[in-house]
Structure formats: structure tokens, C-alpha cells
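Biologist: Could you walk me through how you read a model like this one? I would like to go feature by feature.

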Amino acid sequence: MSLSKNSVLLSEKEIQEKVCELAGTISADYEGRELLLIAVMKGALVFVADLMRKIKLPLELDFMAVSSYGSTTKTSGVVRILKDLDANIEGKHVLVVEDIIDTGLTLNYLLRNLKSRQPASLEICALMCKEKKQKVPVSVKYLGFTIPDIFVVGYGLDFGQRYRNLSDILIVESEFGLQ
Ligand code: IMP
């Protein structure tokens, strides 16, 4: 596995412009409503930190930590809740903030779980979605980028828990070619 300068998929500048655009749309849509952002850890940490500071509304923030990948680049399909929310979301306007959608299994599971807690509304904001047919359909209201079906790191996304601190989003290449 290697990372090179040539493998930048999305630059810091492109990401920041998109984050501002998404935050502007969200600010307009949720005007007059109390917004609760739920960030899916750990991948959405950097995205939510930037996004929330550009949203011009009063908001609350909570976290869920889930695990579906282990230390490989292929999803196991089994979603485990590692950390649940701190507070009740009943009657709240919830926006789930996710880094990337691959198979859709994680968000599909999370949405069903959160829906049962009876929020007033429940939507998704994802920075990236892979261009392929998801294993399970996920309806994303706010989407940053559609990317090819490759494995990427940086801006919060990891490979074996590394590379989350990169400001750009890079393509992971293996000795066998692109993932
Ligand atoms: P899904 O359940 O297959 O949609 O996968 C969602 C989760 O897997 C994301 O929240 C990420 O944490 C992780 N993931 C999926 N694709 C990538 C990738 O290309 N790079 C890093 N993490 C990924």
C-alpha cells in the first residue's frame, strides 16, 4: 500500500469549498428549527468540526461510534455500536453527519436504529458517496462528492487507523493497483 502526492483525489481547497456550500444549504433549510448534529465517529470527526463552524444556526452536537471495517479495506457488513449517544433524540431535528458511504450498510443500520428513537426529523449529510450500487439504498439529503469506487484516506478517513490527519483526501494504491 502506498500514498503519493499524485494520488490526491480531493484537495483541501475543494473540500473546504464544498463544506461551505453544504453548510449554507443546511443553514437555510433548518432556519427556525433546533438542529442536532450526530457525527459518526471516528471518520466524520474532521468533517463535522469544519461543517458545524460554518452552519449559522444554534445547534447541538452528539456522537456515535460504530465499527464495520476492522483493519481492512473491505466492509465486514456487521455494524457494532461502540459508543451510543449521550442524550435522548425524541422530538429533535437530527442530521447525521457521515464521512463516506460505500455499501450503505452502516448508515442503513444507523438510520433504522435512530428512527426507532422518534426524532422529529432525520436526514443525512455525507461528504462522499462511492459511485456504485449500494448494497442497501440510503437516501442522502446533503452530499458533498460522488467519487469512484476506490479506497480513500485523509480528512478523517483512515486505513488501519492511520492517515486521518491529512488535509487532502488521497487514493490508496496497493501493489496490485487501485483498491
Ligand atoms: P459502508 O457501511 O460500507 O457504507 O461503509 C461506511 C463506513 O466505512 C464509513 O463510515 C467509513 O468509516 C468506512 N469506509 C468506507 N469506505 C471507505 C474508504 O474508502 N476509506 C476509509 N473508510 C471507508
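Biologist: Which element gives the most to the shell around the ligand?

Modeller: Happy to start there, and please keep in mind that this is a predicted model. A shell can be read by asking which elements supply its residues. Here β5 gives the most, with 4 residues. The residues that come nearest to the ligand, of the 16 around it, are Asp 99, Thr 103, Gly 104, Thr 106 and Val 152.

Biologist: Which polar atoms of the protein lie opposite the oxygen and nitrogen atoms of the ligand?

Modeller: Let us take the side chain, then the backbone. An N or O atom in the side chain of Thr 103 is 2.5 Å from an oxygen atom of the ligand. A polar backbone atom of Leu 105 is 3.5 Å from an oxygen atom of the ligand. On the nitrogen side, a nitrogen atom of the ligand sits 2.6 Å from a polar backbone atom of Val 152. As for cover, the ligand on its own has 490 Å² of accessible area, and the protein covers 92% of that. Two elements give two or more residues to the shell: β5 (93-101) and α3 (105-115).

Biologist: How do the shell residues divide into nonpolar, polar and charged?

Modeller: There are 8 nonpolar, 3 polar and 5 charged residues in the shell around the ligand.

Biologist: Let us step back to the whole chain. How many helices and strands does the protein have?

Modeller: The count is 3 helices and 11 strands. Reading from the N terminus, the order is β-α-β-α-β-β-β-α-β-β-β-β-β-β. To see how the chain comes together, one can look at the sequence separation of contacts. Among contacts between residues at least 6 apart in sequence, 67% join residues at least 24 apart. Buried residues make up 47% of the 179 residues. The accessible surface comes to about 9200 Å², and carbon and sulfur atoms account for 51% of it.

Biologist: Which residues have the most contacts inside the largest nonpolar core?

Modeller: They are Ile 26, Phe 47, Leu 51 and Met 128, in a core of 33 residues. At least two core residues come from each of α1 (12-29), β2 (35-41), α2 (45-54), β5, β6 (121-130), β7 (142-147) and β9 (169-171). Of these elements, α1 supplies the largest share, 5 residues. Phe 47 is a good residue to click on. Setting aside residues up to four places away in sequence, Phe 47 touches Val 19, Leu 22, Val 97, Glu 98, Cys 125, Ala 126, Leu 127 and Tyr 155. There is also a second, separate core of 18 residues, with Met 64, Leu 85, Ile 89 and Ile 124 among them.

Biologist: Now two lysines. Is Lys 130 buried or exposed?

Modeller: The general idea is to compare relative accessible area with a cut-off. Lys 130 has a relative accessible area of 5%, so it is buried, since buried means under 20%. Lys 130 is found in strand β6. Beyond its neighbours within four places in sequence, Lys 130 is in contact with Ile 100, Ile 101, Asp 102, Ile 147, Pro 148, Asp 149, Ile 150 and Phe 151.

Biologist: And where is Lys 132 found?

Modeller: Lys 132 is in the loop between β6 and β7. Lys 132 counts as partly exposed because its relative accessibility is 31%. Not counting residues up to four places away in sequence, Lys 132 touches Asp 102, Thr 103 and Asp 149. Its side chain and that of Asp 102 are joined by a polar contact of 2.4 Å.

Biologist: What should I look for in the backbone?

Modeller: Check omega and phi. The peptide bond from Met 41 to Lys 42 is cis, with omega near -5 degrees, and Lys 42 lies in the loop between β2 and α2.

Biologist: Which phi values should I look at for Gln 161 and Tyr 163?

Modeller: Gln 161 has a positive phi of about 70 degrees although it is not a glycine. For Tyr 163, also not a glycine, phi is positive at about 75 degrees. Gln 161 is placed in the loop between β8 and β9, and Tyr 163 is placed in the loop between β8 and β9 too. With 47% relative accessibility, Gln 161 counts as partly exposed.

Key
Residues numbered from 1 in each chain as written. Predicted model: local features only at pLDDT ≥ 70, side-chain atom pairs only at ≥ 80, totals over all residues. Heavy atoms only, no water. Near = heavy atom within 4 Å. Polar contact = N/O pair within 3.5 Å; in protein donor to acceptor, adjacent residues only side chain to side chain. Areas by Shrake-Rupley, 256 points an atom, 1.4 Å probe, with all protein chains shown as cover. Nonpolar A, V, L, I, M, F, W, Y, C, P; charged D, E, K, R; others polar. Core = buried A, V, L, I, M, F, W, Y, C linked by side-chain atoms within 4.5 Å. Buried < 20%, exposed > 50% of the residue type's maximum accessible area, 1.4 Å probe, protein only. Contact = heavy atoms within 4.5 Å.
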